[in-house]
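Reader: Hey, can you walk me through this protein? I'm new to this, so plain words please.

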Amino acid sequence: MGLKNNSPKLNPPSRNIKNGHFGKHIVYFPSLKNSRQIVCESKLESDFCILLEFDQSIISYHPQPITIRTVVGDTTKRYTPDFLIKRRYQKDLYVEIKPDAQLLTNDYLEHILQARRQFRKRGASFLLIDAKKIRTHHKLNNLRTIYSRIHNTTKLEDDYLQDYLKETLFPCSIKRLVSNPNAPTLNAILKAIFTHKLYMNLDEPISPTSTVDTHHEQ
């Protein structure tokens, strides 16, 4: 499935991030939920986008959504959160992404706390997230691999897989799913895993012997 121009109506980024600046590495992330490329300022932000794509509670997300002013003592700063996340049945969520939250200065944290108070007054939530919460080892690696292969699957492939699953006994391995001469494509299977139509343990490395099921084990 390619990127279609039916994305949610959202404002453009609050500040221009396409050109980047020192210490920033621009990444263009192909978002299926937003049906467009999302401009990220780091690989860590693009990794976070993969988790947002996988999360069923997320409707859409938008980079650099708003710029506010924070005042701490005699210092006034302009602050732009990294993302605005639209969620089902929950408040909007503003997110700041940092490599390591423990390395942030007290002055910066004071400005972040003030920003959070301003967002709460707007009826939204705010979260500071660092790499430890995003890069959860095997799960993120698996989702990266799966996401890279699902963009060009067709509706015919998806429909064929759904019919094929009705005739298949579960749980079973990925290898067994694709071993039949009339088996669905591997990309269609991976897309079904990413969209929660099939389930597997993503906390272990994905392989041909990985077990998949139509029900999610709690």
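Author: Let's go through the overall make-up, then the helices, the hairpin and the aromatic rings.

Author: This is a predicted model, where local features need pLDDT of at least 70, side-chain atom pairs count only at pLDDT 80 or more, and totals for chains, interfaces and linings use all residues. Residues are numbered from 1 along each chain as its sequence is written, and side-chain values use heavy atoms, with hydrogens and water left out.

Reader: Okay, how many helices and strands are there in the protein chain?

Author: The protein chain has seven helices and ten strands. Helices (H or I, at least four residues) and strands (E, at least two) are DSSP runs, numbered from the N terminus.

Reader: And what percentage of the residues is buried?

Author: Buried residues account for 40% of the 218 residues in the protein chain. Buried means under 20% relative accessible area, exposed means over 50%, and partly exposed is in between, using a 1.4 Å probe and protein chains only.

Reader: Which residues touch the most others in the largest nonpolar core?

Author: That core has 41 residues, and F48, Y61, F83 and I85 touch the most other members. Another core, of ten residues, lies apart from it, and I68, Y79, L84 and F119 are among its members. A nonpolar core here is a set of buried Ala, Val, Leu, Ile, Met, Phe, Trp, Tyr and Cys residues joined through side-chain atoms within 4.5 Å.

Reader: Switching to helices. How many residues does α5 have?

Author: Helix α5 (residues 155-166) has twelve residues and reaches 17 Å from its first C-alpha to its last, close to the 16 Å expected at 1.5 Å a residue. The expected span is 1.5 Å times one less than the number of residues.

Reader: Which of its residues are buried?

Author: In α5, the buried ones are D158, L161, Y164 and L165. Seen down the axis of α5, its buried residues fall within an arc of 125°, so they line one face of the helix. The arc is taken from the directions from the helix axis to the C-beta atoms. On the other side of α5, K155, L156 and K166 are exposed.

Reader: Why would residues three or four places apart point the same way?

Author: An α-helix has 3.6 residues a turn, so residues three or four places apart point the same way.

Reader: Nice. What covers the buried side of α5?

Author: The cover over the buried residues of α5 includes α6 (174-179) and α7 (186-194).

Reader: What about α4, which residues are buried there?

Author: In α4, L140, N142, L143, I146 and Y147 are buried. They cover an arc of only 160° around the axis, which puts them on the same side of α4. Their cover includes β1, α1, α3 (131-134) and α7.

Reader: You mentioned α1. Where does L44 sit, and is it buried or exposed?

Author: L44 is in helix α1, and it is buried, with a relative accessible area of 8%. Leaving out residues up to four places away in sequence, L44 touches I97, K98, P99, A131, I134 and R135. Contact means heavy atoms within 4.5 Å. The C-alpha atoms of L44 and D130 are separated by 8.7 Å, and those two residues are 86 residues apart along the chain.

Reader: And E45, what does it touch?

Author: E45 is in helix α1 (residues 43-54) too, and at 4% relative accessibility it counts as buried. With residues up to four places away in sequence not counted, E45 touches C40, D82, F83 and I97.

Reader: New topic: which way do β1 and β2 run?

Author: They run antiparallel, and five bridges join β1 to strand β2 (residues 36-40). Two strands pair if DSSP finds at least two bridges between them. S31 stands opposite R36 in β2. The two strands form a hairpin with four residues between them, and S35 in the turn has a positive phi of about 55°.

Reader: Last one: how many aromatic pairs are there?

Author: The count comes to nine aromatic pairs. Rings of Phe, Tyr and Trp (its six-membered ring) pair if their centres lie within 6.5 Å; planes under 30 degrees apart count as stacked, over 60 as edge-to-face and the rest as tilted. F29 and Y147 form a stacked pair, with 5.3 Å centre to centre and 5° between the planes. F29 lies in strand β1 (residues 27-31) and Y147 in helix α4 (residues 138-147), so the pair ties together parts that are 118 residues apart in sequence.

Reader: Which residues are in the aromatic cluster with F29?

Author: F29, F54, Y147 and F194 form one aromatic cluster.
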